[in-house]
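Please read the following report with the sequence and the three-dimensional view side by side, and look up each residue as it is named.

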Protein chains: 2
Amino acid sequence: MTGIRQLADHLQLSIGTVSRALNGKADVNAQTRERVLKAAMELGYVPNQSGRSLRKGTTSTVGLILTQGNSLGENNDNFFFGVIHGLQTALKKHKLDLVLLLCSRDEDPDSFLQRMVAQRIVDAVILTATRTHDERFDILRRANMPFVTLGRSESLGDASWIDLDFEGIARSSVTRLFGRGHRRIAVAVPNVDANLGPLFLEGYRQGLADCGLPFDENIVFHAETSEEGGYDVAEKVLATEDRPTAILLIAELMSVGLYRRLGEAGLTPGRDLAVIAERESPVGRFLLPRLTCFRLDLDALGRMLGEMLLSNLPTFAENYKDVPKGKIWPLELVEGESDPPLEMKETLLSDG
Amino acid sequence: MTGIRQLADHLQLSIGTVSRALNGKADVNAQTRERVLKAAMELGYVPNQSGRSLRKGTTSTVGLILTQGNSLGENNDNFFFGVIHGLQTALKKHKLDLVLLLCSRDEDPDSFLQRMVAQRIVDAVILTATRTHDERFDILRRANMPFVTLGRSESLGDASWIDLDFEGIARSSVTRLFGRGHRRIAVAVPNVDANLGPLFLEGYRQGLADCGLPFDENIVFHAETSEEGGYDVAEKVLATEDRPTAILLIAELMSVGLYRRLGEAGLTPGRDLAVIAERESPVGRFLLPRLTCFRLDLDALGRMLGEMLLSNLPTFAENYKDVPKGKIWPLELVEGESDPPLEMKETLLSDG
DNA sequence: CTGAAAGCGCTAACAC
DNA sequence: GTGTTAGCGCTTTCAG
C-alpha cells in the first residue's frame with residue numbers, strides 16, 4: 001500500500017511537494033517533478049481516491065444509472081454498451097471515470113438513486129429509462145447533483161437531455177409504408193409507463209394524418225418490448241378482423257417473436273406482414289427477411305451526452321458553452337427485406 | 001449537504017454519539033438512538049462515502065469488471081444482468097454495494113484493472129471474460145485485492161472461480177445428437193483467446209470418443225460468437241465436402257446468423273442441419289425452429305459468486321466457510337425444435 | 001521553490 | 001452512555 005507519505009519519505013521530500021508535482025502545479029522544480037513522477041511510476045503509486053475525494057469534495061467519477069427490468073426490455077442492454085463508449089470518450093478528456101450503477105429489479109429506482117447520490121460516490125449522474133412522470137429529477141435537484149438524461153420526461157424541467165426521435169421514425173415509417181401500398185398499418189408500443197410510448201404513438205398518428213389514413217385503436221397493440229412481446233403482438237394481429245398489412249415495432253427484439261408467430265401460422269414476414277422496427281441491431285440484420293429499421297450513431301450519442309453533462313458541471317462548463325440543452329437524436333432508415341412493396345398482393349386482391 | 005456535524009449540532013449531541021447511534025453500536029441509549037435515527041431520516045442524512053472509506057480503510061463496494069468487446073461477443077450482455085441480480089442479493093446482506101466497471105474497447109484490460117484497483121475505489125473485484133493466460137490475476141494479487149472470477153484460466157492459481165460446464169454440455173450434446181442418428185457433428189468455437197473455447201472443444205472430443213466417432217478438424221469452425229459469426233459458420237458448413245448433419249454452437253446468438261444463411265440456401269434449420277447451442281435466451285426461444293439449448297440459473301450463479309467473494313473477504317470469511325473454492329456450474333438441456341431425430345433423412349438417403 | 005500545517009467527514013479509542 | 005480527540009490520505013493554503 002504505497003501512500004503519498006511513503007513516496008515522500010522515499011524521495012526525502014515533503015508530501016506537499018510530492019502532491020504538487022503529481023498534480024502538475026506550476027511552482028515546482030522541473031527536476032524535482034521528474035524525480036517524483038519517476039518514483040511514483042516505479043513504486044506503482046496511485047492516489048487513494050477516498051483521501052483525494054474527501055479533500056477536494058469531488059470524486060471525479062460519474063454514475064450511469066441503469067434500471068434492470070426497465071421499460072426497454074431486458075435484453076437490449078447492448079444499446080448502452082454503444083453509448084457508454086462515447087460517454088467514456090467525452091469524460092476521459094477530463095479524467096473523469098464512469099461507473100455503472102445498476103438498480104436491481106427488486107429495488108425501487110427512486111430510493112436507489114437517493115442512496116447513490118447521498119453517498120456522494122459520484123459527482124454527477126446520467127439517468128436512463130425515464131418515465132413520463134419521474135420523481136428522480138427532483139431527487140437530483142434536491143441533492144444538488146448535476147445530471148443529464150437519456151430520454152425525455154414531463155418532469156424534465158430545465159434539465160439537459162437527449163432522446164431518440166421516436167416521433168420522427170414512426171411518422172416516416174408510416175409514410176414509407178403508405179408509399180409501398182399499405183393502407184392498414186398497425187403499431188406496437190410498450191405496455192408500461194415509458195416516455196417513448198406516447199411519443200412513438202404521436203408520430204404514428206401524424207404519419208397517418210399525413211397520408212390521409214384513419215386512426216384505428218384496434219390496431220394499436222400494447223406489449224412488452226421483447227421477443228415475447230412481439231410474439232403476443234403477432235397473435236393479436238392474426239386475430240384482428242380487418243388484418244393490417246404492415247406493422248411498426250417500437251423495439252427490434254419484438255420482431256423475433258413476431259417472425260416466429262407468423263411462421264407458425266404459415267405466413268411469411270415481409271410478404272404477408274410488412275415490418276419496420278425501431279433500431280438496427282445484429283439480430284435484425286440476420287433475421288430472414290432482414291429487418292428494415294433505423295440506425296443511429298450510439299457512440300456519437302454517448303459523446304454528446306457526456307458533453308452535455310460536462311456543460312452542467314461548474315468545473316468544466318466553460319469549455320462546453322455551445323452544447324445544446326436538449327437534443328432529439330436523428331435516426332436513419334436502413335432498408336431491409338421486411339417491408340417490400342405491396343404490389344403483388346394488390347394484384348392478387350384485384351384478381352379475386 | 002448534511003454532514004454528521006450538522007446532524008450532531010441539530011440534535012445537541014456530539015458527533016461521536018451520533019456516529020455510534022447510526023452504526024448500531026451497543027453502548028448508546030436506546031432513546032438517543034431513536035432520536036438520531038429519526039433526525040437522520042428527516043434531514044436525509046447519509047454518511048459521506050469518502051470520509052467513511054478513508055477512516056475505515058474499506059469502501060464497502062465491490063467492482064464487477066466488464067470488458068467491452070470481449071470474447072463473449074458484444075450482445076449477450078444480458079447474461080450479466082441475470083448474474084448481477086444474484087450478486088447483489090448476496091452482497092446486500094452485508095451492505096456491500098456493487099458497481100460495474102466497464103473497460104472500453106480502446107483501453108487495455110490489464111492497465112484498466114491496474115488503475116481501478118490502485119484507486120481503491122472498491123474493496124474487491126469480480127473478473128469476467130477470463131483469458132486462458134490472464135495477467136490480471138497477478139495484478140490483483142500484487143495489489144492484495146480479493147477477487148473471484150467468472151471463468152476459469154490457467155493463471156488462476158488458488159483464486160476462487162465459477163465457470164459454466166462447457167465440457168459437459170458439449171459432450172452431452174454430441175451424445176444426444178448421436179442418439180438421434182447423427183454421425184457427422186460439427187462444432188463452432190470462438191476465434192479468440194477465451195478460455196471457454198478449448199474447454200468446449202475438449203468436451204466435444206470426449207463426446208465423439210464416447211460415441212466412437214472420429215474427430216475431424218475440417219468440421220471444427222472458428223468464428224465470432226455473434227450473429228455474424230453464426231452466418232460465417234453456416235457459410236463454411238455449406239462449403240464442406242462431406243457436409244455435417246448437426247452442429248454445436250458455443251453461443252446461442254450464432255444461431256440467428258446460421259438460421260439466416262441456411263434459409264438463404266433454401267435449407268431448413270433443424271431438418272437440414274440440427275443445431276444445439278450453449279445458452280438459453282429469449283432470442284433462441286422465439287426462433288423458428290425453437291433452439292435446443294442449455295439453461296442455467298443465472299441468479300443462483302450470481303449468488304454463489306457473491307458468496308465466494310465474501311468468503312475471500314477477511315471481514316466476512318467466517319460466515320462463508322462452506323463455500324467451495326471453485327465450481328463448475330451445471331446446465332440443463334432445454335429441448336427445442338432444432339435437433340429433431342434424423343430418421344426421415346436416413347429414409348430418404350436409403351431410398352436414393 | 002519547498003516545508004509545515006490545517007482540515008475535508010468520518011469512526012474508534014479512550015476518558016469520564 | 002456520552003464527549004473528546006486522533007487520524008485515515010490527500011490537497012491547499014501560508015510561511016519562508
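## The surface near DNA strand D

By class, the surface near DNA strand D is made up of eight nonpolar, 11 polar and eight charged residues, where Ala, Val, Leu, Ile, Met, Phe, Trp, Tyr, Cys and Pro count as nonpolar, Asp, Glu, Lys and Arg as charged, and the others, Gly among them, as polar. This is a predicted model, in which local features need pLDDT of at least 70 and side-chain atom pairs count only at pLDDT 80 or more, while totals for chains, interfaces and linings use all residues. Residues are numbered from 1 along each chain as its sequence is written, chains are lettered from A and ligands numbered from 1 in the order in which they are written, and side-chain values use heavy atoms, with hydrogens and water left out.

Of the 27 residues around strand D, those that come nearest are Ile4(A), Tyr45(A), Arg55(A), Thr32(B) and Arg55(B); a residue is near a strand if one of its heavy atoms lies within 4 Å of it. The largest share of this surface, five residues, comes from helix 4 of chain A, helices being DSSP runs of H or I with at least four residues, numbered from the N terminus.

## Polar contacts with strand D

A polar contact with the DNA is a pair of N or O atoms within 3.5 Å. In chain A, a side-chain N or O atom of Asn23(A) is 3.3 Å from a phosphate oxygen of strand D, and a polar backbone atom of Asn48(A) is 3.0 Å from a phosphate oxygen of that strand. From chain B, a backbone N or O atom of Asn29(B) lies 2.9 Å from a phosphate oxygen of strand D.

## The surface near DNA strand C

Around DNA strand C there are 26 residues, of which Thr32(A), Arg55(A), Ile4(B), Tyr45(B) and Arg55(B) come nearest. Here helix 4 of chain B gives the most to the surface, with five residues. A phosphate oxygen of strand C is 2.6 Å from a side-chain N or O atom of Thr32(A), whereas a polar side-chain atom of Arg52(B) lies 2.9 Å from a phosphate oxygen of strand C.

## How the two chains are related

A rotation of 180 degrees, with 0.1 Å of shift along its axis, superposes chain A on chain B with an RMSD of 0.1 Å, by least squares on the C-alpha atoms of residues with pLDDT of at least 70 in both. The two copies are thus related as by a two-fold rotation axis.

Key:
A polar contact is a pair of N or O atoms within 3.5 Å; within protein, one must be able to donate a hydrogen and the other to accept it, and residues adjacent in sequence count only if both atoms are side-chain atoms. Helices (H or I, at least four residues) and strands (E, at least two) are DSSP runs, numbered from the N terminus.
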